[in-house]
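Student: Got a minute to go through this one with me? I'd like to start with the overall layout and then look at one interface.

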Amino acid sequence: MTLSIRWKVALGMLLGVTLGLAVAGWVLIRSFERLEIARITETLDARSRLVSFSLEPLLAPSLPSTPEQTKALQARVLDLSRHAQARITVIGRDGRVLAESTAPGETVPLLESHATRPEVTQALETGRGTDIRLSKTTGQRMLYLALPLSETGSPPTAVVRLAVPLTELETRLGDVQRDLFLAFGLAFLISALVSALLTKGLTQPLTDMAAMARRFAEGALDQRIRTATRDEVGVLADTLNQMADQLDAKIREVSDERAQLLAILTSMVEGVMVLDVKGRVLLLNPALERMFALRDAEARSRPYWEVVRHHELNELVTRVLETRQQLGGEITLAPSGRTLRIEASPAGGQRENEACAVLVFHDVTALRRLEKVRKDFVANVSHELRTPLTSIKGYVEALLDGAKDHPTDAVRFLEIILKQADRLNLILDDLLQLSQIESGEVLFKREPVRLRDLVDRTLASLKPLADKKGHSLTAAVPAELPPLMGDEDRLAQVLSNLVDNAVKYTPERGTITISARHLPPTPGGPADGTLELIVADTGVGIPEPDRPRVFERFYRADKARSRELGGTGLGLAIVKHIVESHGGRVWVEGNQPVGSRFIVRLPVAQKTIPSGLS
Ligand SMILES: Nc1ncnc2c1ncn2[C@@H]1O[C@H](COP(=O)(O)OP(=O)(O)O)[C@@H](O)[C@H]1O
Ligand SMILES: [Mg+2]
């Protein structure tokens, strides 16, 4: 367990105070004791001199030698001891005890020698000896004072020793100690209280600051430390607050930037993938996820080769990571056939988890398809134009070579030339029309068109053609159909192209039927429903795989037959464009049991015509 600053300071102060008090108490008690002993010694000194004086006749010039003299000395000592209120011992120069106030007379000679007692030796040497110790005889702490006894001018014959117990001193000392203890206890309590208050005042700002710093570290940067002090603590608080301000600003800045970056990445059409130096995915955007059908969660921080399995891409990325140069490439995705253009650029990162390479994926599938269509178209046009031209050139050469001189040949050749020239004209007309519709140069009129009128008109013009092949050409169009909104001439072109095809691609004596009906509105479809127009024949039909493609320019299901029948291969392309420009759809199905069914669906004119349309 670690102590808080507050407790460290408080306990330190208390320890200091306690030590100081202990030392002071010790010194005080010692000096008190010293003084007391000095006082007791002084009075004992006076008494000792008096006792010495009164014993002198019995001990000088010679020590008692008869038992009577010894007895008298013992009696005298007992008497003096009573008066002086002290224990009195008379010791011979040699240490023998001559009299002792606390021992019965007969045991005195048996007492051990006192020669080595410190006060005795001191008295014999210096003329006065004192000592404080536990008495072996009484078991109390005693103060001893010894004076040598001698006749003036002669060496001492004996030593008179007085002893008083220090019990009184000890009781007084105990009293003083108790008082001191009480006083010091009080002082300790006061200092404990004071130090607790003082350290609280000192350390509270620090504690607050520590708590707030912890909050900062946890990310709660909206609060600030409040202090009124201007000392180091105040400076520290200000610094911490400033740090929090800056941190807050920086974090805001970073997260704003991140949000912007994320918004950009999310809204981008291009796929973006960022890799670190080891080729791990750091980031990828929704467009890329869509391109490769990934989920961000499963892709992040995995190696890119696990995320996108593509051999050429792997090679490209490996080269960028190795060479640190901008590289580009194009890959085709296997199942979807989509073409992606990749721009791989190195980024500054040198370590793991740092952006090291940025890959941008553009989906160029549509572009490439368009390019292919354009190329095919040019090739097709050239081919289509060359065929009649070659034929014209051939017959002109034949004429020049001499056929002109054979009238029958000449006429036949010239007729062929005319036919081929017409064909060229037809192709160019169709091409021109197609390009005009495609480029949006021709503006379609928007007027109500009655389907029944349209069908009648077309039938009238194509009837002779159908009759020529013995076809039965019938129409079943209810009169009460709602009108369409569009360009009547263009819609007539759609119908006549379809019927023309039906007539052409149906062997003699076929049946061609035109029917129409109104389909009710569906959710998400035109508000007033759709008109469906069907041209069905009993002709050669179109093989299933060719059906979607017959609407492409120059695409023919049966090239030889089409050319022989004078087709350009552009009719259905024009149909498709016109129908789609009217917001409709056209497709072909097989007819039962033989032949084809071309279905056109066009939206019904809305009853409330939006303004701005003529
Ligand atoms: N009613 C039909 N029956 C069979 N095949 C058809 C029919 N209509 C169109 N096709 C096929 O679709 C191709 C494209 O038609 P289209 O664009 O009108 O060109 P074209 O009539 O000049 O050959 C035709 O060459 C033909 O193979
Ligand atoms: Mg045609």
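Student: So what domains is the chain divided into?

Tutor: Keep in mind that this is a predicted model. The chain splits into domain 1 (5-172), domain 2 (268-363), domain 3 (369-437) and domain 4 (444-603).

Student: Let's take domain 3 and domain 4. What distance separates their centres?

Tutor: Going by C-alpha atoms, the centres of domain 3 and domain 4 are 28 Å apart.

Student: And how many residues of each are in contact?

Tutor: On the domain 3 side 14 residues are in contact, with 16 residues of domain 4 opposite them.

Student: OK, what about the buried area between domain 3 and domain 4?

Tutor: About 1400 Å² is buried there, and carbon and sulfur atoms give 64% of that area. On the domain 3 side, Arg423, Leu434 and Ile437 supply 41% of what that domain buries against domain 4, more than any other three residues.

Student: Switching to polar stuff: how many salt bridges are there between domain 3 and domain 4?

Tutor: The count is 1 salt bridge. There are also 3 residue pairs in polar contact between domain 3 and domain 4.

Student: Which helices supply the domain 3 side?

Tutor: α10 (365-400) and α11 (407-439) each supply at least two residues of the side that touches domain 4. α11 gives the most, with 8 residues.

Student: And how do the residues on that side divide by type?

Tutor: The side of domain 3 that touches domain 4 has 8 nonpolar, 3 polar and 3 charged residues.

Key: Residues numbered from 1 in each chain as written. Chains lettered and ligands numbered in written order. Predicted model: local features only at pLDDT ≥ 70, side-chain atom pairs only at ≥ 80, totals over all residues. Heavy atoms only, no water. Domains from an automatic or database assignment. Contact = heavy atoms within 4.5 Å. Buried area = accessible area lost by both parts, 1.4 Å probe. Salt bridge = Lys/Arg side-chain N within 4 Å of Asp/Glu carboxyl O. Polar contact = N/O pair within 3.5 Å; in protein donor to acceptor, adjacent residues only side chain to side chain. Helix = DSSP H or I, 4+ residues; strand = E, 2+ residues; numbered from the N terminus. Nonpolar A, V, L, I, M, F, W, Y, C, P; charged D, E, K, R; others polar.
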